[in-house]
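Q: Could you walk me through how to read a fold like this one? I'd like the general idea each time, then the case at hand.

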Amino acid sequence: MQFTIAQTENGSDSLGVRYVIYGIHLEGFLFCKLRYSQLHKWNEKLRRYFGSNLVPRFPPKSYLAQTESTAEERRLQLQQYLQKVGEDPVISVSEIFTTLLKNAQQETFKIRARAVLLEILLADGKKLLIDTHTTHSAEQMLEIVAQKLELARQFLEHFDLYLVCELPNQGYSVLKRLNAFELPYVSLWSLQDENCKIMIRKNYLDPSENKILMQSSGGVSLLYSQFLETIEKVKFYGYVLFEACTCDYPEPNCPSVVRVGNDEINCCIQLPSNEIKEVSFKVNRIRCWKISLQVQEETELKPKLSFEYQDSPDFGQWITIYTYQAFLLSRCIQEIVTEKLKVSAGYTEMQIENAKSEYRTTPWGSLTALIAMRNSTKQLCQHQSAPSGKEIEEW
């Protein structure tokens, strides 16, 4: 989970006491708004449940009037705290933490608990209506959809619910994958965009996993099996296609079409000469990557993803892709790394940590390195804001 606090706003209680409200974004989208006192109560509950040794240090209270610099320092400290908690392999999946998140999301957007009829899109554009509830998590809602589709429970791990946006020329653009604890109805409502929908999609990028789904009579028919045999030969089959964006390779501000899949980031880049150059960045050559959020006019977020690419063991360079789908791109890279680790070492979940440099890495040095990293946790580091506006970097 990638938390950022990109925005703050002032509020006051019935007695006129002023306080700061922190806009907490989850993977690039506003998830909830909380005060320091509410986050402090979260921390106390987590410390009582897990013990003070496991829970990261919480920013201390301040009894002095905050200046602009101290307010910014507290924002950064709270963001770092949430990032560490969100990346902890024990706390982040615990019922107590996910319940706190669900409650905060529902309270922020004032969604009343009630039964609803919700439309779910299938990958082929067909629509499925399900009876659900505003308080149902994505995990619960996915089970309801699976029952409707007669998809056996053992195959659920290959699918997730996504927020997508309908494009003018038909088709859909993927905005984000919903975490298991998120409330899909609330997440969809918070976007306030009638073109946005919830879609069930496969969550893997390795085409070989299609063969696993062949075992499900509810999920795959013989016709679909024959279709897969043909379609897998098509270039870019199984890739995630991103919206038009720009990159700084091989020159700054080059328009680019980005696709991710089959262990690569594929970029079709328009050069200043109008020539189209296709470049494949192999994920096993990406040493690390980070997301930066440029905050402009307190409301607009300008995300970008940068990765250090090693053309050879002795030479590497930073390449930046400017796209509002930076968080989704980061997640795709993470999924490719995870899938390779699952194949290589036979385990199902990867957490990565580089204790010295504290940025997100891909430990491709050797299979031994891959296995050695499996029980560690990812770390995100926070940098100072840029003069032209707050820039938040997630490593």
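**Reading the cores and the sheet**

A: Let's start with one residue's surroundings, keeping in mind that this is a predicted model. Setting aside neighbours within four places in sequence, I321 is in contact with C245, T246, C247, V258, I265, C267, K304, L305, F307 and L329.

Q: Which residues have the most contacts inside the largest nonpolar core?
A: To read a core, look for its size and then its best-connected members. Here the largest nonpolar core has 38 residues, and those with the most contacts inside it are V260, I265, F307 and I321. Helix α8 (residues 326-345) gives the most to this core, contributing nine residues. There's also a second, separate core of 31 residues, which includes F109, V116, M141 and L161.

Q: How do I read a polar residue such as N266: is it buried or exposed?
A: Check the accessibility, then look for a polar partner. N266 has 1% relative accessibility, and because the cut-off for buried is under 20%, N266 counts as buried. You'll find N266 in strand β12 (residues 264-270). The N266 side chain makes a polar contact of 2.9 Å with the side chain of E278. Not counting residues up to four places away in sequence, N266 touches F236, Y239, V257, V258, R259, E278 and V279.

Q: And what about Q294, buried or exposed?
A: Same recipe. Q294 is buried, with a relative accessible area of 12%, and sits in strand β14 (residues 286-296). Q294 and K304 are ten residues apart in sequence, and their C-alpha atoms are 8.3 Å apart in space.

Q: What is the strand order in the open sheet of five strands?
A: With a sheet, write down the order, then look at the edges. This open sheet runs β5-β4-β8-β6-β7, with mixed pairing. Strands β5 (127-133) and β7 (172-177) stand at the edges with a single partner strand each, so one side of each is left without a neighbour in the sheet. From one strand to the next, the twist averages 45°.

Q: How many bridges join β6 and β7?
A: For a strand pair, read the sense and the bridge count. Strand β6 (residues 159-166) and β7 pair in the antiparallel sense over five bridges. One of the bridge partners is Y172 in β7, matched with E166.

Q: Which helix packs on the sheet and touches β5?
A: Look at which strands a helix touches, then at its angle. Helix α4 (residues 138-149) packs on the sheet, touching β4 (115-121), β5, β6 and β8 (196-202), and its direction makes about 130° with that of β5. Helix α5 (residues 184-191) lies across β4, β6, β7 and β8, at about 135° to β8.

Note on methods
Residues numbered from 1 in each chain as written. Predicted model: local features only at pLDDT ≥ 70, side-chain atom pairs only at ≥ 80, totals over all residues. Heavy atoms only, no water. Helix = DSSP H or I, 4+ residues; strand = E, 2+ residues; numbered from the N terminus. Buried < 20%, exposed > 50% of the residue type's maximum accessible area, 1.4 Å probe, protein only. Polar contact = N/O pair within 3.5 Å; in protein donor to acceptor, adjacent residues only side chain to side chain. Contact = heavy atoms within 4.5 Å. Core = buried A, V, L, I, M, F, W, Y, C linked by side-chain atoms within 4.5 Å. Pairing = 2+ DSSP bridges. Axes fitted to C-alpha atoms, helices over the stretch in contact; angles between N-to-C directions.
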